[in-house]
Amino acid sequence: MESVASSRSEEEAQISEALNKLKHLAHRMKENPSDFGEQDSMFVQELVFHLQSLHEECVKLRETFETETINASALRYHLYYLPTQIQREIKASVRAARESNTSRIQSLEDTLTQIEQNMTEMKDRLQSVDKENIQLHPQRDKFQERHEEVVTHLNQTMQEKASKQILLNDTRDQLREAHQTRHQNAMTSFPDT
C-alpha cells in the first residue's frame with residue numbers, strides 16, 4: 001500500500017512539474033511571440049489543457065481504484081469467513097432441531113407408555129368384571145324368575161280385583177234397579193191423596 005502511495009505521489013510530482021514547465025513555456029511564447037509561431041502557442045496551450053484533464057481523470061481513476069480495492073477486500077473477507085459462519089449456524093440449527101425432536105419423541109413415548117399402562121389396567125378390570133358377571137348370572141336368573149312370579153301374581157290379583165269390581169258394580173246396579181222398582185211400585189200402589 002505504501003509503494004502505491006509513493007508511486008502515486010511521484011507521478012503527481014512529475015505531472016505537476018511537466019505542467020509547470022509547459023505553462024512556463026506558454027508564458028514565454030506569449031512574451032516573445034517572435035521566437036514562436038501563433039500555432040506553436042496554441043498547440044502548447046491545448047497540450048496543457050489536455051494534460052490537466054488527463055491528470056484530473058487519473059486522480060478520479062485512482063480514487064475509484066482505491067474504493068474498488070477496499071470493496072474487493074471486504075468481499076474477500078466475507079468470502080473467506082462467511083462459509084465457516086454459515087456452517088456454524090447450520091450446525092446450531094440442526095442441533096436445536098434434534099434436541100427439539102428428541103424432547104418431542106420422549107414426550108410421545110411417555111404418553112404411549114401411560115396409554116399402554118391404562119390399557120393393561122382396563123383389561124384387568126374387564127376380566128374382573130367378567131368374572132363377577134359370571135358369578136352373578138345365577139343370582140340374576142333367580143331374581144328374574146322371582147320377578148316374573150311377582151308380576152304374574154300381581155296380574156292375577158289385579159284381574160281378580162277387576163272381576164270383583166265388575167261384580168260389585170253389577171250388584172249395585174241391580175240393587176238400585178230393585179230399589180227404584182220397589183219405589184215405583186210403592187208409588188203406584190199409593191196414589192196421591
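In this predicted model, Asp-141 has a relative accessibility of 39% and therefore counts as partly exposed. The partner of Asp-141 is Arg-140, with which a salt bridge is formed whose closest N and O atoms are 3.4 Å apart. Arg-140, for its part, has a relative accessibility of 46% and is likewise assigned to the partly exposed class, so that each residue of this pair falls between the limits of 20% for buried and 50% for exposed.

A search of the whole structure returns three salt bridges, among them the contact between Arg-140 and Asp-141 just described. Another joins the side chains of Arg-146 and Glu-149, with a distance of 3.6 Å from N to O. Because Arg-146 and Glu-149 are three residues apart in helix α2, about one helical turn separates them; Glu-149 is partly exposed, at a relative accessibility of 41%. A salt bridge is also found between the side chains of Arg-176 and Asp-173, again with 3.6 Å from N to O. Here too the two residues lie in helix α2, and their spacing of three residues corresponds to about one helical turn. Arg-176 is partly exposed, its relative accessible area being 46%, and Asp-173, with 37% relative accessibility, is also classed as partly exposed.

With regard to aromatic contacts, two ring pairs are counted. The centres of the rings of Tyr-77 and Tyr-81 are 4.6 Å apart and their planes stand at 45°, so this pair is described as tilted. Tyr-77 and Tyr-81 are four residues apart in helix α2, which spans residues 38-189, and are thus separated by about one helical turn. In the pair of Tyr-80 and Tyr-81, by contrast, the ring centres are 4.7 Å apart and the planes meet at 90°; because this angle is over 60 degrees, the pair is edge-to-face. Through these ring pairs, Tyr-77, Tyr-80 and Tyr-81 are linked into a cluster. As for accessibility within the cluster, Tyr-80 has a relative accessible area of 59% and is exposed, whereas Tyr-81, at 44%, counts as partly exposed.

Further along the sequence, Asn-133 is also located in helix α2 and is partly exposed, with a relative accessible area of 39%. Asn-133 and Asn-155 are 22 residues apart along the chain, and a distance of 31 Å separates their C-alpha atoms.

At the level of the whole protein chain, the secondary structure consists of two helices and zero strands. The radius of gyration of the chain is 65 Å, whereas a compact globule of 193 residues would be expected to have a value near 16 Å. Taken along the principal axes, the box filled by the C-alpha atoms is roughly 195 × 70 × 20 Å. Of the 193 residues in the protein chain, 4% are buried, and the area exposed by the chain amounts to about 17600 Å², with carbon and sulfur atoms supplying 57% of this area. The chain carries 24 positive and 33 negative charges, and the mean positions of these two groups are 10 Å apart.

Notes. Residues are numbered from 1 along each chain as its sequence is written. This is a predicted model: local features need pLDDT of at least 70, side-chain atom pairs count only at pLDDT 80 or more; totals for chains, interfaces and linings use all residues. Side-chain values use heavy atoms; hydrogens and water are left out. Rings of Phe, Tyr and Trp (its six-membered ring) pair if their centres lie within 6.5 Å; planes under 30 degrees apart count as stacked, over 60 as edge-to-face and the rest as tilted. Buried means under 20% relative accessible area, exposed over 50%, partly exposed in between (1.4 Å probe, protein chains only). The radius of gyration is taken over C-alpha atoms; the globule rule is 2.2 Å times the number of residues to the power 0.38. Accessible areas come from the Shrake-Rupley method with a 1.4 Å probe; for residues, only the protein chains shown count as cover. Lys and Arg count as positive and Asp and Glu as negative; His and the chain ends are not counted. The place of a charge is taken as NZ of Lys, CZ of Arg, CG of Asp or CD of Glu. A salt bridge is a side-chain nitrogen of Lys or Arg within 4 Å of a carboxyl oxygen of Asp or Glu.
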